[in-house]
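The exercises below are meant to be worked with the sequence and the model side by side. Try each task before reading its solution.

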Amino acid sequence: MGWIGEIRLALRLLARDWRAGELTLLAVAVVVAVASVTTVGFFTDRVHQALNRQANQLLGADLVVSADRPLDAQFADEAKRLGLQVTHMLRFPSMAAGNGQTVLAEIKAVTAGYPQRGELRITDVLYTPDRRAGSIPASGTVWVDEKLLTRLQLKPGDTVEVGQSRLPVSAIITQEPDSAIGFINAGPRVMMNQADVAATGLVQVGSRIRYRVQVAGSPNAVDAYRAWVDARLQPGQRVESIQDARPEIRSALDRAEKFLNLAALFSVVLAAVAVALAARRFLQRHLDACAVMRCHGASRGRVVRLYVVQFIALGLVASIVGSVAGFLAQHALALWLGSLVTVELPGAGAMPALHGFVTGLALLLGFSLPPLLALGNVPPLRVLRRDIGAPGGMGWFAYVLGAVVIGGLILWKAGELRLGLLVFGGFVAAMLVAGLLAWGVIIAVSQLRSTGVSWRFGIANLRRRRLASVLQVAALGVGVMALLTLTIIRGELLQLWQDSLPPDAPNRFIVNIQKDQVPALEKFFAAQNITMPELHPMVRGRLIKINERAVSSADYTDDRARRLADREFNLSWATKMQKDNLLVAGQWWDTSGNKKPRSDQFSMEDGIARALGIKIGDVLTFDSAGSSYAAEVTSLRKVDWDSFNVNFFLVAPPGLLEQQPVSFVTSFYLPPGNVELLNALVKQFPNFLLIDVAQVLNQVQAMITQVSRAVQFVFLFTLLAGLVVLYAAIASTQDERLYQATMMRTLGASRAQLARANIAEFAVIGALAGLIAAAGANALGYALASRIVNVGYTFSPTVWAVGIACSIVGIAAAGYLGTRQVLRISPLRVLRQLS
Amino acid sequence: MVRVAQLTKQVTTGDSTLTILRDVSFSIAAGEAVAVVGASGSGKSTLLGLLAGLDTPTSGSVQVDGQDLFALDEDGRAALRAQMLGFVFQSFNLLPAMTALENVMLPLELAGAPDAAGAARELLGRVGLAARLTHYPKQLSGGEQQRVAIARAFVTKPALLLADEPTGNLDAATGAEIIKLMFELNREQGATLILVTHDAELSQRCGRVLQLVGGVLQ
């Protein structure tokens, strides 16, 4: 028979098995697996895009090209050609006057369409509810922020002088998306229509104007545009996207992705367990069919081929159904999420469907191939002697192949070796420990031959099907562990992380404090009864050489490194390392006993060192205002950017930087509503730049909240997968239970006795699974906390209590429901079916 | 048709060796109907399994239509079975996931024969099940299941039909009908029939009776 005939026959066999319900469980397992993976995939894809966009709100656009000279028209033209929305902006510092006072303001001149990402909110009267602006200032008017209004003591409608223009204030800005992206633009804001800029007369040679072209649109177009821009950037021109944005936002995004990936990983694991159990059942139910086919002349290879083709077809169909289900489910999910969050989710890509297909086929074949190959070994003699059972020897191979498939899928889904290995290692260890523990406990419990015939019978069941029991305990244990990890542990980890952002984290930065102002500032804080915050000296310098090599952004391919090489660093000096820093290499300078460390050393932030390819021992040369100085990198630090404390990429010991132009910077916590203090501070020190980080903090926290919601949604699908595991576990022993219950009832056992025996059996399985799950979830929580989230973790008693109690009740109840049918069916019918 | 020479089958359980068949030799001509009788455990079913090449002997040989079964490998024996052999089992061995029609079609489908459905339908009509083509085994009575099994055994027009206690699971009346049907079909197709039974009436209908006692042919 040709291979087409062979495939046809396989498909016919598939249709017959399907019609007879032989494949339902396997198909449901694969459908749920693919549906959960694709739901997670589609959904995380969209959430990730949304998170990226929310992060982009801080930028006001998806991508910004900026320069200190007017940008060529081609930058805007190319963006438009790629279908991107384009707005222009000019930003420059200028004195603004009104009411007889002047203040250094940040002028922002915008064109219609601004902002492309995030929200510009305004109000008519200060401290009244604000609204979405929906437009930009009309030509001939300006919008100003609270800082400008209070400093100039203006009322709406008053005029502000900017250069040669006098423009009335028509609204007060309460929120603008791109105000918190860097600290340089933190002065009082005047926003005007770009059409009015020429009349101010401020655009002259030597003006410190930053020209910006801002674009937004589809990710593909933005990427294409970025590539185009990167190839044409001149010195002094810069391109910026969220990937280049501030470290704390990057780390929030990274973390969000990790949480979502973690959720996806557990769906994969649960799906695998379900498929494994269903495949095992399929094998057992097809021993006779194989024997008959062999007896009728089918060769061993042919039997295997027929089943493999059948399973590939099943996998494809189930994957299609699963992907469609996943797509629909994530739509429903997004609609639900849409009512909870204000961020609009972008459309899902096709990639998750492909991922679902690969996952479905890999899972199905990974866990059913060994049993299918084993089917080829069914002796044809089985047609005469039914007692010749399943061929042995494939068991370990099945687990190894399954483990390899699961490991591969986890690594792939984690998208990161470390996280993937951690989760995979945890999974394998959990399965092994769970199996051994279950084995031991089942033997121990089966010695308890005391009370009641039902209990005794239930326990005897466990012992007699020891391998099956161990498998069920391990699978359910891992399933419940995933559920626990995603509910309790996840909640606790997230809480820990949120707690690690203390409510009194600094929310105000003061930049540009001059040396001679320090005593006056100390006096000011003392008068206000506020502890003087620690001042950090700050020197701005450009990195010009690493060892003997001149630094150029062209030497780097990584965006971040290029930008770092191009801009001025903030350097500082200190005797002690800051509390939120962690030394990862080298040594901090020793200042004990008034020892004076050698001054020509740097301690560098680990991430930036890696980005720039700098190692311990490298000598860095900096240039500050024309004078250069060099020092050796003697230590690398990790910095907790979430702390919102003042931190520096480069710190030197005292003695190296003091001769350079220096200013001071500090951060402190200002309780909400204490605006008078800020006004008084600015009045006394007009040159200070006061930066409000509350806005940044709020946006980061909003992002975390959204991520936790997303993970909770994803968890619903993991729960579904867990239920399928449970059902598969019960179904895999259904035939045996049916036979046994029939025998028992024939011998006079009542239904109630049998029901109690089943409940006893499943309650023990539940208790064991819960025990293993709680232990595993705690261990996993600890590993994740210390390795990934970087927070301290204490073992959770809730996990033990909830895990064990819920799995006893849940698994006993589900076990009872799943086996109830066995008790209902008439013994005679069963005997006839089984004969 | 079948030539058995000094066939011996031993199985080892633990440290004891059990001889199930000892030096069994006989020949069966084409078209003959032969009954193998004996008490439980006398080695009847083992002999049948060896005649079908479903199992391998400890020593001795079986030739079917001139071919030495055990000179072939397992796949070779499978091919020979597909060509020449039909089976009827005591426990029917119908596949529960397939309808009556599909159970009968299966050997033809495995052989890649054209119009498997037509041939199967015709034979099911011949055994009186024309109205039950789409029924699953569990929806059929024992006698009906065995008729399906007989139809499946004859659908490939085998030269050699092996039957293992074909009436063992049936009541006397049904068993008698089944025997009648089997012999009719055997005559129509001119096949050689070897059947294992301890039904005296059944063995008397065969041209020859081989009796096994403790694995030895009397």
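Two strands count as paired if DSSP finds at least two bridges between them, and the strands themselves (E, at least two residues), like the helices (H or I, at least four residues), are DSSP runs numbered from the N terminus. The model is predicted, so local features need pLDDT of at least 70 and side-chain atom pairs count only at pLDDT 80 or more, while totals for chains, interfaces and linings use all residues. Residues are numbered from 1 along each chain as its sequence is written, chains are lettered from A and ligands numbered from 1 in the order in which they are written, and side-chain values use heavy atoms, with hydrogens and water left out.

**Exercise 1. A hairpin and its sheet**

Task: find the residue with a positive phi in the turn between strand 9 and strand 10 of chain B, and then place these strands in their sheet.

Solution. Begin with the pairing: strand 9 (residues 208–213) and strand 10 (216–217) of chain B run antiparallel and are joined by 2 bridges. One of the bridge partners to look for is Leu217(B) in strand 10, which belongs to Leu212(B). The two strands form a hairpin with 2 residues between them, and the turn residue sought is Gly214(B), whose phi is positive at about 55°.

Next, widen the view to the open sheet of chain B in which 6 strands follow the order 6-7-8-3-9-10 with mixed pairing. Strand 6 (85–88) and strand 10 of chain B each have a single partner strand and stand at the edges, so one side of each has no neighbour in the sheet. On its other side, strand 9 of chain B pairs in the parallel sense with strand 3 (residues 33–38) of chain B over 5 bridges. Within this pair, Val37(B) has Gln211(B) as its bridge partner, and Val34(B) stands opposite Arg208(B).

Finally, add the helices, taking contact as heavy atoms within 4.5 Å and angles, from 0 to 180 degrees, between the N-to-C directions of axes fitted to C-alpha atoms, for helices over the stretch in contact. Helix 5 (residues 142–154) of chain B lies across strand 6 and strand 7 of chain B and runs at about 175° to strand 6.

**Exercise 2. The four-stranded sheet**

Task: which strands stand at the edges of the open sheet with the order 2-1-4-5 in chain B?

Solution. This sheet has 4 strands with antiparallel pairing. Strand 2 (16–28) and strand 5 (67–68) of chain B are the edge strands, since each has a single partner strand, so one side of each is left without a neighbour. Strand 5 of chain B is joined to strand 4 (residues 59–64) by 2 bridges, and Gln63(B) stands opposite Asp68(B) there. Helix 1 (residues 44–51) of chain B lies across strand 1 (2–13), strand 2 and strand 4, running at about 60° to strand 2.

**Exercise 3. Where the chains meet**

Task: how many residues does each chain bring to the contact, and how much area is buried?

Solution. Chain A brings 29 residues and chain B brings 33 residues. The buried area, which is the accessible area (1.4 Å probe) lost on putting two parts together, summed over both, is about 2,600 Å², with carbon and sulfur atoms giving 61% of it. Arg16(A), His296(A) and Leu384(A) supply 26% of the area that chain A buries against chain B, more than any other three residues.

For the charged pairs, a salt bridge requires a side-chain nitrogen of Lys or Arg within 4 Å of a carboxyl oxygen of Asp or Glu. Between chain A and chain B there are 5 salt bridges, including that of Arg16(A) with Glu109(B), whose closest N and O atoms are 2.7 Å apart.

**Exercise 4. A salt bridge within chain A**

Task: which parts of chain A are tied together by Arg598(A) and Glu632(A)?

Solution. These two residues form a salt bridge, with the closest N and O atoms 2.7 Å apart. Arg598(A) lies in the loop between strand 16 (581–586) and strand 17 (601–605) of chain A, and Glu632(A) in strand 19 (residues 627–639), so the pair ties together parts that are 34 residues apart in sequence.
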